[in-house]
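Me: I am new to this structure and should like to understand the terms used to describe it. Please show it first.

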Amino acid sequence: MPIIYLSPSLQPFNKYVNGGDEQYYMNLIADAMEPYLRANGIQYVRSSRDMTLGQAIRQSNEGYYDLHLALHSNAAPESLSGQLQGTDVYYYPASVRGKQAATIIADNFKNIYPQPNLVKTVPTTRLAEITKTNAPSVLIEVAYHDNPEDADWIRNNIDRIAANIVQSLTQYFGLPFIDNPQPPRQGTVQTQGGNLNIRARPSRDAQVIGQAPNGATVTINGEWQGWDVISYNGIVGYVDSSYIV
């Protein structure tokens, strides 16, 4: 199952129109993403507020991540302050996987941003979280925090933004999207005595990535069409829900 490095903004000095700051609101989005990530079987490591950018990049590079995802909001140059709107999704131009992820994210973001024609992908070689990370990387500038309409849109759509981004991640990783995350709960494996296969996808033909013995306690994070997304002994994957009680 995929694992991402989730990197919300470390910039509390970027103030929003009418209060708040970039770090605060991007962490709210990351908070709202976590239940969707768990429900969909996407593992994550998240940067902490007290890190520097260099420390976050170093932590990302110390692991083996399928995607580095940075969450930011934008501000116009001083001469255009408050006048610009839109969403920019940045990727490294030579990264095929980064461009693919950015394209999916931007295409889906058009479904929720009020002016979809202002949502675009942007290749870049100047952003550290794009150029200095080992994993394929995407940096989302979700909207302009110095523009009153954009800032209010962010404030009023935290969960919607989070769900939309995770939906894009499931599409990128080839997983179904579970849009109704529930609190994790415990379940018990009930077979005829054998082991229950844990699979990488919700299909009997999918790769087996682990097994849980009869009677084992597992954590159920999500449900999709007769399959449970479970975690067991550090393994996250899908199991046939008819074998869980």
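Me: What makes R199 a residue without a salt bridge?

Reply: A salt bridge requires a side-chain nitrogen of Lys or Arg within 4 Å of a carboxyl oxygen of Asp or Glu. For R199, the nearest side chain of opposite charge (Lys and Arg count as positive, Asp and Glu as negative; His and the chain ends are not counted) is that of D205, 6.8 Å away. R199 therefore has none, yet it is buried (under 20% relative accessible area, with a 1.4 Å probe and protein chains only). This is a predicted model, in which local features need pLDDT of at least 70 and side-chain atom pairs count only at pLDDT 80 or more, while totals for chains, interfaces and linings use all residues. Residues are numbered from 1 along each chain as its sequence is written, and side-chain values use heavy atoms, leaving out hydrogens and water.

Me: Why is the pair of Y36 and F177 called stacked?

Reply: Rings of Phe, Tyr and Trp (its six-membered ring) pair if their centres lie within 6.5 Å; planes under 30 degrees apart count as stacked, over 60 as edge-to-face and the rest as tilted. Here the centres are 6.3 Å apart and the planes lie at 20°, so the pair is stacked.

Me: Is Y36 called buried or exposed, and why?

Reply: Y36 has 8% relative accessibility, so it counts as buried. F177, at 22%, counts as partly exposed, a class that lies between buried and exposed (over 50%).

Me: What makes F109 and W153 an edge-to-face pair?

Reply: Their centres are 5.8 Å apart and their planes stand at 75°, so the pair is edge-to-face. Both residues are buried.
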